[in-house]
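Welcome! Here are a few short exercises to help you find your way around a new model. Take a look at it, then try each task before reading the solution.

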Amino acid sequence: LGLHAAVTRETPDGIPSGGWFPRQRVTSIQALRGYTVDAAFASFRERELGAISKGFHADLTVFDTDVLTADAPDILKASVLATIVGGKVVYTQNTSNADVSAAIAHTA
């Protein structure tokens, strides 16, 4: 919901049409940065969080949709395939760890 709201400035029902303060809409990449790199910087933890890098905490969510290229309505339809916290898979949705690894490798 957060990525969709940042990109559209609308509720999932499309209200208000055109977005609340539409000039405040951001791109998908800007929205993702807000949840990752920028959030880590704001919490003074940019050397350990916010990126998929060696030595960083491996905390991430794997979606079945590329939220960076998906149309805004499709962001709402995205399903979580897996959640990884501290480098360990803590949630999978009907998929194996191998499938999760393949999905991550595909995006790298």
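**Exercise 1.** In which strand is Val-90 found?

*Solution.* Keep in mind that you are looking at a predicted model. Go to residues 88–92: they make up strand β3, and Val-90 is found there.

**Exercise 2.** Decide whether Val-90 is buried or exposed, then find the surface patch it belongs to.

*Solution.* Start with the relative accessibility of Val-90, which is 53%. Exposed means over 50%, so Val-90 counts as exposed. Next, look for its partners: Val-85 and Tyr-91 join Val-90 in a nonpolar patch on the surface. Together, these three residues have about 270 Å² of accessible area.

**Exercise 3.** Find the loop between α1 and α2 and work out where Pro-16 has its cis peptide bond.

*Solution.* First locate the helices: α1 covers 2–8 and α2 covers 28–35. Pro-16 is found in the loop between them. Now check the bond that joins Ile-15 and Pro-16: omega is about -10 degrees, and the peptide bond is cis. This is worth a second look because most peptide bonds are trans.

**Exercise 4.** What is the phi of Arg-9, and what is the phi of Phe-21?

*Solution.* Begin with Arg-9, in the loop between α1 and α2. Its phi is positive, about 60 degrees, although Arg-9 is not a glycine. Phe-21 also has its place in the loop between α1 and α2, and its phi is positive at about 45 degrees. For background, most residues other than glycine have a negative phi. Finally, consider the surface: with a relative accessible area of 24%, Arg-9 is partly exposed.

How values were computed:
Residues are numbered from 1 along each chain as its sequence is written. This is a predicted model: local features need pLDDT of at least 70, side-chain atom pairs count only at pLDDT 80 or more; totals for chains, interfaces and linings use all residues. Side-chain values use heavy atoms; hydrogens and water are left out. Patches are made of residues with over 30% relative accessible area and no salt bridge: like charges are joined within 9 Å, nonpolar side chains (Val, Leu, Ile, Met, Phe, Trp, Tyr) within 5 Å. Accessible areas come from the Shrake-Rupley method with a 1.4 Å probe; for residues, only the protein chains shown count as cover. A salt bridge is a side-chain nitrogen of Lys or Arg within 4 Å of a carboxyl oxygen of Asp or Glu. Helices (H or I, at least four residues) and strands (E, at least two) are DSSP runs, numbered from the N terminus. Buried means under 20% relative accessible area, exposed over 50%, partly exposed in between (1.4 Å probe, protein chains only).
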